[in-house]
Amino acid sequence: MNDVEPIRLEQVSAGYGRRMVLEGLDLRLEQGTITAIVGPNGSGKSTVIRAMSRLLAARSGVVFLDGRDIRNFGSRDIARLVSVLPQSPSSPPGLTVRELVELGRFPHTGLFGRHGAEGKLAVESALTLTGLSGFAERPLDELSGGERQRAWIALALAQGASTLLLDEPTTFLDVRHQFEVLDLVASLCASGDMTVVLVLHDLLHAANYADRVVVVDSGRIVADGAPSAVLNVELMRTVFGVAAKIFTNPESGRMVCLPIGPDRS
């Protein structure tokens, strides 16, 4: 395992137009782990993902990718190291699952490049890992929400990057498909070769699946650590404005963070 941090943010500030969203963020990813970024709506969670991948250039500070200033990378070089799955991705109509996943090879072949043996193997591997080999020739718009989300993750895997940034990957999915997608992400990290960052709204999922939870509020990191150390009654009250129950799941041994209603204290 490479000891270089996949991504490191040092005093990064970023925003849109005149509106600054992130202010002086310091954040280091640990290789082979799942990090959940949580926070209220508008807190800057998605902006962190965009800054990490240079989809949004930092106004100040430095983003390091694989130990180097990200400004020194070409776009394709970044895409070989980092895959980004945005909220509610869209594709041209009529695309099959295989055609979508093949688009993940763009950093290696170009948009109209031919897929060599390595590229074909990467596509087949991504389809297998996501359980979609039997769906490869089906149109994407015929799939269920969970299957479609797995297809987009397969695209990201075919890209061959070792860091995967997923922005709210469970949004609009029913409960079963939410668990299927997160189980898939956890299995990808099990070998320690892939680093995953998840932007999540559901704190139950963050507590269950993440090795580390980063809480963002008003563009700043207000808590960072293991779920059991970060998600507590006081944080739920002050950051999210809700009362919560915190307890341990007797089956998994992991903590459960259960919001129970608006904080009225």
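The following exchange concerns a predicted model and covers its two sheets, two of its helices and one histidine.

Biologist: In what order do the four strands of the open antiparallel sheet run?
Modeller: Strand 2 (19–28) and strand 5 (68–69) are the edge strands, each pairing on one side only. The pairing in this four-strand sheet is antiparallel, and the order is 2-1-4-5.

Biologist: Which residue is the bridge partner of Leu-65 in strand 5?
Modeller: Strand 4 (residues 60–65) pairs with strand 5 in the antiparallel sense, over two bridges. For Leu-65, the bridge partner in strand 5 is Arg-68.

Biologist: What angle does helix 1 make with the direction of strand 2?
Modeller: Helix 1 packs on the sheet and touches strand 1 (7–16), strand 2 and strand 4. Its direction and that of strand 2 make an angle of about 65°.

Biologist: How many of the eight residues of helix 1 are buried?
Modeller: Buried residues of helix 1 (residues 45–52) include Lys-45, Ser-46 and Thr-47. Val-48, Ile-49, Ala-51 and Met-52 are also buried. The helix is mostly covered, and the number of its residues that are buried is seven.

Biologist: Which residue just after helix 1 takes a positive phi?
Modeller: The phi in question is about 65°. The residue that takes it, just after helix 1, is Arg-54.

Biologist: Why is one side of strand 6 and of strand 10 left without a neighbour in the sheet?
Modeller: Six strands form an open sheet with mixed pairing, in the order 6-7-8-3-9-10. Strand 6 (82–85) and strand 10 (220–225) stand at its edges, so one side of each has no neighbour in the sheet: each has a single partner strand.

Biologist: By how much are neighbouring strands of the six-strand sheet turned against each other on average?
Modeller: The sheet in question is open, with mixed pairing. With direction ignored, the average turn between neighbouring strands is 15°.

Biologist: Which residue in strand 9 stands opposite Val-38?
Modeller: Strand 3 (residues 34–38) and strand 9 (residues 212–217) pair in the parallel sense over four bridges. Opposite Val-38, in strand 9, stands Val-215.

Biologist: At what angle does helix 10 run to strand 9?
Modeller: Helix 10 (residues 233–240) lies across strand 3, strand 9 and strand 10. Its angle to strand 9 is about 30°.

Biologist: Does His-205 count as buried or exposed?
Modeller: His-205 is in helix 8 (residues 203–209). Leaving aside residues up to four places away in sequence, His-205 touches Thr-170, Gln-178, Phe-179, Leu-182, Leu-200 and Ala-210. Buried means under 20% relative accessible area. His-205 has 5% relative accessibility and therefore counts as buried.

How values were computed:
Residues numbered from 1 in each chain as written. Predicted model: local features only at pLDDT ≥ 70, side-chain atom pairs only at ≥ 80, totals over all residues. Heavy atoms only, no water. Buried < 20%, exposed > 50% of the residue type's maximum accessible area, 1.4 Å probe, protein only. Contact = heavy atoms within 4.5 Å. Pairing = 2+ DSSP bridges. Axes fitted to C-alpha atoms, helices over the stretch in contact; angles between N-to-C directions.
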